[in-house]
Amino acid sequence: MQATRVKELDVLRGLAALMVMWYHFTAYRTQADLGFFYGTTGVELFFMISGFVIFMSLNHVETSKQFIVNRFSRLYPTYWICMSITFLMLFFYKHITIDQTQVSTFLGNLTMFQFYLKIKDIDDSYWTLIIEMTFYIAILALFRFKKLQYINGIALSLMIIATICGVFFSKNETIKTTLDMFQILQYIPLFLSGIIFYKLYFQPGKIIQNYGLLLTCLICQILSFTYSSRFSGSLSLTEYTVSLFIYFGLFICIIHRKLGFLVNPVTLFLGKISFALYLLHQAISTQILIPYFMEDLHFGFWTASFLLAMPIIIVMATLITYFIEAPLRKVIKQGLLPKDQAL
C-alpha cells in the first residue's frame with residue numbers, strides 16, 4: 001500500500017490558495033505591482049496538484065462508485081456551504097432582490113456545472129471548478145473501462161493537438177469555440193505533469209521518457225499563454241514562464257524529497273483549509289469586507305485586506321473545514337459505501 005499523503009503537496013495547496021487570494025485582494029490596484037499579480041498562476045499549481053493527487057487516490061479505490069462518492073463527499077458539501085454563504089452575504093450586503101434569475105443562478109451553481117448551463121458563477125473564482133470536474137470525469141471513464149495505462153498517450157495527443165490548434169488556428173471560429181467550450185484543453189499539460197510527477201515519486205523509472213514528457217508539458221503550457229484570453233494583460237509571457245518553471249521546480253524538489261523543511265503545523269493547516277479558503281475568499285473579500293473596512297470604517301488598504309479581511313476568511317474556512325466538511329464527508333461515505341470502503 002502506497003502512502004496516502006504527501007505532506008509537501010498540502011503545503012503547496014495552501015500556498016496556491018494564499019497566492020490566489022492575495023492576487024484578488026490587489027487586482028487592479030498599484031499594490032499588485034509588488035509581485036502579487038503572480039498569484040493568478042496559483043490556479044496552475046492547483047491543477048498540477050490535482051493530477052498528482054487523483055492518481056494517488058486511485059490506489060485506494062476499488063470501484064467507480066467509490067471514486068464518485070469520494071470525490072462527491074470531498075467537494076460538494078464544502079462547495080454548497082461556501083457558495084450559499086457567499087450568495088447570502090452578497091444578497092444582504094448589496095440588497096439584491098431575489099427574483100427568478102437569482103434563484104436560477106443559485107440552483108445552477110449548486111450543480112458545479114453552471115458553465116455548461118450558461119449560468120453565471122456566483123463567485124468568479126468558481127471558473128476553475130468545471131475544469132477540475134472535467135478532469136475527474138475523464139479519469140473516471142478511463143478507470144471504469146480499465147484504460148488508465150493509456151493516460152499518457154491520450155493526454156499527450158490531446159495536448160499537442162490543442163496546442164497546435166491554439167497557436168496556429170486560434171482565429172478559426174470553430175477552433176476558438178471548441179477551446180472555449182472545453183477549457184480543460186488549455187490545461188491538460190498541467191494535469192498530465194502532475195500525473196508524471198506522481199509516477200516519478202512512487203514508481204521511479206523511465207527517467208528519460210518521463211522528463212521528456214514533462215518538458216513537452218512545460219512547452220505546451222507556455223504556448224497556451226499565446227492563445228488564452230484569461231490573463232488579459234495582467235501577466236506577461238515571460239512572467240508566466242517564470243511561474244511555470246518555479247512550479248515544475250518545486251515538484252522536482254518534492255520527488256527528490258527536498259521540501260520537507262516546509263512541512264509544519266501552520267503550512268499543513270493552510271493546506272487543509274485551502275479548498276474552503278479558495279471558495280470563500282474572492283466575492284466576500286473584494287465586494288464586501290475590504291470595501292466596508294476601507295469606505296465605511298476608513299482603514300487603509302493593508303489593514304483592511306491583510307489584517308482584517310484575510311483573518312476573517314481564514315476563520316470562516318477553518319470552521320467550514322473542521323465542522324462541516326470533515327463530519328459530512330464521513331457521513332456521506334458511511335451512508336453510500338460498504339464499511340470496508342468508507343474508511
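The legends below describe four close-up views of a predicted model.

**View 1. The largest pocket and its lining in the predicted model.** The largest pocket has a volume of about 1,400 Å³. It is lined by 48 residues, of which Arg-5, Val-53, Arg-71, Arg-74 and Arg-329 are the closest to the pocket centre. Two or more lining residues come from each of α1 (7–26), α2 (42–58), α3 (64–94), α5 (129–144), α11 (265–272), α12 (274–296) and α13 (301–336), and among these elements α2 gives the most, with nine residues. Divided by class, the lining of the largest pocket holds 22 nonpolar, 12 polar and 14 charged residues.

**View 2. The packing of helix α2 with helix α5.** The axes of α2 and α5 lie 11 Å apart and make an angle of about 30°; because angles under 35 degrees count as roughly parallel, the two helices are described as roughly parallel to each other. The crossing in which α2 passes α5 is right-handed. On the α2 side, the contact is made by Phe-46, Phe-47, Ser-50, Gly-51, Ile-54, Phe-55 and Leu-58, which meet Ile-131, Glu-132, Phe-135, Tyr-136, Ile-139 and Phe-143 of α5. The residues of this contact between α2 and α5 comprise 10 nonpolar, two polar and one charged.

**View 3. The packing of helix α9 with helix α10.** Helix α9 (residues 207–224) and helix α10 (residues 237–255) have axes that come within 10 Å and cross at roughly 155°, so that α9 is roughly antiparallel to α10. As α9 passes α10, the crossing is right-handed. From α9, the residues Tyr-211, Leu-214, Cys-217, Leu-218, Gln-221, Ile-222 and Ser-224 take part, and they meet Leu-237, Tyr-240, Thr-241, Leu-244, Phe-245, Phe-248, Ile-252 and Ile-255 of α10. This contact of α9 with α10 divides into 12 nonpolar and three polar residues, with no charged residue.

**View 4. The largest cavity and the residues around it.** One cavity of 30 Å³ or more is counted in the model, and the space in the largest cavity comes to about 30 Å³. The residues that line the largest cavity are Glu-44, Gln-186, Tyr-187, Gln-221, Ser-224, Phe-225, Ser-228, Arg-230, Phe-231 and Tyr-240. By class, the lining of the largest cavity consists of four nonpolar, four polar and two charged residues. Gln-221, Ser-224 and Tyr-240 appear in this lining and also in the contact of α9 with α10, where Gln-221 and Ser-224 belong to α9 and Tyr-240 belongs to α10.

Key:
Residues numbered from 1 in each chain as written. Predicted model: local features only at pLDDT ≥ 70, side-chain atom pairs only at ≥ 80, totals over all residues. Heavy atoms only, no water. 1 Å grid on protein atoms, 1.4 Å probe; cavity = no way out; pocket = protein on both sides within 12 Å on 5 of 7 lines; lining within 4 Å. Points joined across faces, edges and corners; volume = space filled by probe spheres on them. Nonpolar A, V, L, I, M, F, W, Y, C, P; charged D, E, K, R; others polar. Axes fitted to C-alpha atoms, helices over the stretch in contact; angles between N-to-C directions. Helix = DSSP H or I, 4+ residues; strand = E, 2+ residues; numbered from the N terminus. Parallel < 35°, antiparallel > 145°, perpendicular 65-115°, else oblique. Left-handed = near helix turned anticlockwise from the far one by under 90°. Contact = heavy atoms within 4.5 Å.
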